[in-house]
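Me: I am new to reading protein models and would like a close look at one part of this one. Could you pick out the loop residues with unusual backbone features and then place them in the wider picture?

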Amino acid sequence: MEFSLLNAVRNHPQSAYDLTDVYADYISDALLAEEMGFVRSWYGEHHFRECQWTGSPILLCTAVAAKTSQLRVGTAVALLPFHDPIRVAEDVAICDVMSGGRFDLGIGPGSQYEEFVSFGVDPKEMVGRTWESIDWILRAFREKGEFSHKGRYYDIPDMTFTTKPVQDPVPVWYGGMGPKNQARAAEHGFGFIGPFNPGYDAMLTAAGRKPSDYPVASMQMIHVADSADKGWEIAGPGLEYFVNFYETRKNLQGEPAPESARVTADMIRSGNAGFWSAAVGTPDDVINALAPFARGDLGRITELACAFRHAGMRNDVVHKSMRLFHEHVQPALQEIAAQG
């Protein structure tokens with residue numbers, strides 16, 4: 001099992017600081033992750049929210065790649081319905097060129113009602129736009145000469161896509177929990193990134209593919225500290241904000257979530273927050289919390305995507321957590337994974 005860094009680059013609205021420093025801090029995490037032997041650093045995408053969540057993950061991937069030499073970079077995930085597929089294809093190709101072939105393209109359909117309104121995209125089109133876009137992007141990488149596309153959502157006249165990625169093919173991952181889209185991702189032969197493996201292997205098999213040939217990354221919220229109480233004191237506010245970013249959002253019809261949907265840090269800690277969980281506490285606490293994922297109890301997992309920086313946290317506690325994880329947790333989980 002491999003390890004990667006999962007990043008939601010943003011502020012905490014109640015403890016915001018200068019964005020220049022926010023981005024510098026997240027980039028410093030990637031440098032430490034490379035030192036720790038992590039294979040990848042993932043960057044998510046959201047737009048126009050009060051936390052200033054980054055809207056340009058491929059740009060951020062390029063910046064991180066420029067400061068590293070081995071660490072792969074990727075989007076988890078790029079929200080394709082909001083973007084011109086030509087622009088995405090060029091950005092992916094250039095990031096892959098500038099990184100020397102270290103880019104992974106994670107894609108998804110989006111989830112925030114306000115973003116669909118801002119971009120003028122009907123949420124009912126999110127799935128169709130996602131698949132038409134990625135199909136065109138991958139075709140652009142393959143085509144040697146002039147080609148055109150006329151689809152339901154995109155009409156792209158004759159063109160020659162001249163700036164090709166280094167990798168052939170660029171690794172593509174799907175991030176989303178809808179089973180129909182997961183099945184479609186399996187048919188395409190994409191990797192999968194999500195909270196756990198939701199039966200993706202069965203979908204790969206149904207698509208005529210061998211599951212062991214495809215990666216599955218499990219996204220985990222982590223904070224390693226000297227004690228469980230100290231860990232929750234430090235990470236709790238950011239974890240609570242992150243979970244409620246999704247739990248209290250409007251639905252795709254613009255209807256607000258009920259107040260009963262709100263989750264507290266205590267609910268996350270006690271395991272009463274639905275499928276949301278976090279591995280927080282001493283190294284032993286974190287090992288115990290993550291052992292089921294390493295053993296494969298929640299499906300085959302090839303990569304643990306670790307989120308260490310929760311909104312509002314600063315470098316001293318984040319980097320201490322990462323180092324404790326590397327020293328104590330990482331080798332223990334690798335041993336558990338090896339035992340099957």
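**A close look at the loops**

Reply: Let's begin with F48, which counts as exposed because its relative accessibility is 61%. Please keep in mind that this is a predicted model. F48 sits in the loop between β2 (40–43) and α2 (57–67). Its backbone deserves a second look: the phi angle of F48 is near 60 degrees, a positive value in a residue other than glycine.

Now follow the chain to Q52, which is also found in the loop between β2 and α2. Q52 is not a glycine either, yet it has a positive phi of about 65 degrees. Is Q52 buried, exposed or partly exposed? With a relative accessible area of 37%, Q52 is partly exposed. Here the cut-offs help: buried means under 20%, exposed means over 50%, and partly exposed lies in between. F48, at 61%, therefore counts as exposed.

Next, let's turn to the peptide bonds. Which residue is joined to P169 by a cis peptide bond? The partner is D168, and omega of this bond is about 5 degrees. D168 has its place in the loop between β6 (155–159) and β7 (172–174), and P169 is found in the loop between β6 and β7 too. D168 counts as exposed because its relative accessibility is 72%. You can also use D168 to get a feel for distance: S15 is 153 residues away along the chain, and the C-alpha atoms of the two are separated by 43 Å.

Another cis peptide bond joins A76 and V77, with omega at about 0 degrees. Here the setting is a strand, as V77 is found in β3 (residues 72–79).

One more loop is worth a visit. G208 lies between α7 (200–206) and β9 (216–224), in the loop there. G208 has 69% relative accessibility, so it counts as exposed. From G208 to L298 there are 90 residues in sequence and 22 Å in space, C-alpha to C-alpha.

For contrast, look at two cysteines. C61 is buried because its relative accessible area is 0%. The closest cysteine sulfur to that of C61 belongs to C95, but it is 5.3 Å away, which is too far for a bond. A disulfide needs the two sulfur atoms within 2.5 Å. C95 is therefore in no disulfide, and at 1% relative accessibility C95 counts as buried. A search of the whole structure finds zero disulfides.

Finally, let's step back to the whole chain. Its secondary structure comes to eleven helices and eleven strands. What radius of gyration does the chain have? It has 20 Å, which agrees with the value near 20 Å for a compact globule with 340 residues. Along the principal axes, the C-alpha atoms fill a box of roughly 60 × 45 × 40 Å. Of the 340 residues, 53% count as buried. Among the contacts with a separation of 6 or more, 71% come from residues 24 or more positions apart.

The surface completes the picture. The chain exposes about 14700 Å², and carbon and sulfur atoms supply 50% of that area. There are 30 positive and 43 negative charges, and their mean positions are 4 Å apart.

Technical notes:
Residues are numbered from 1 along each chain as its sequence is written. This is a predicted model: local features need pLDDT of at least 70, side-chain atom pairs count only at pLDDT 80 or more; totals for chains, interfaces and linings use all residues. Side-chain values use heavy atoms; hydrogens and water are left out. Helices (H or I, at least four residues) and strands (E, at least two) are DSSP runs, numbered from the N terminus. The radius of gyration is taken over C-alpha atoms; the globule rule is 2.2 Å times the number of residues to the power 0.38. Buried means under 20% relative accessible area, exposed over 50%, partly exposed in between (1.4 Å probe, protein chains only). Contact means heavy atoms within 4.5 Å. Accessible areas come from the Shrake-Rupley method with a 1.4 Å probe; for residues, only the protein chains shown count as cover. Lys and Arg count as positive and Asp and Glu as negative; His and the chain ends are not counted. The place of a charge is taken as NZ of Lys, CZ of Arg, CG of Asp or CD of Glu.
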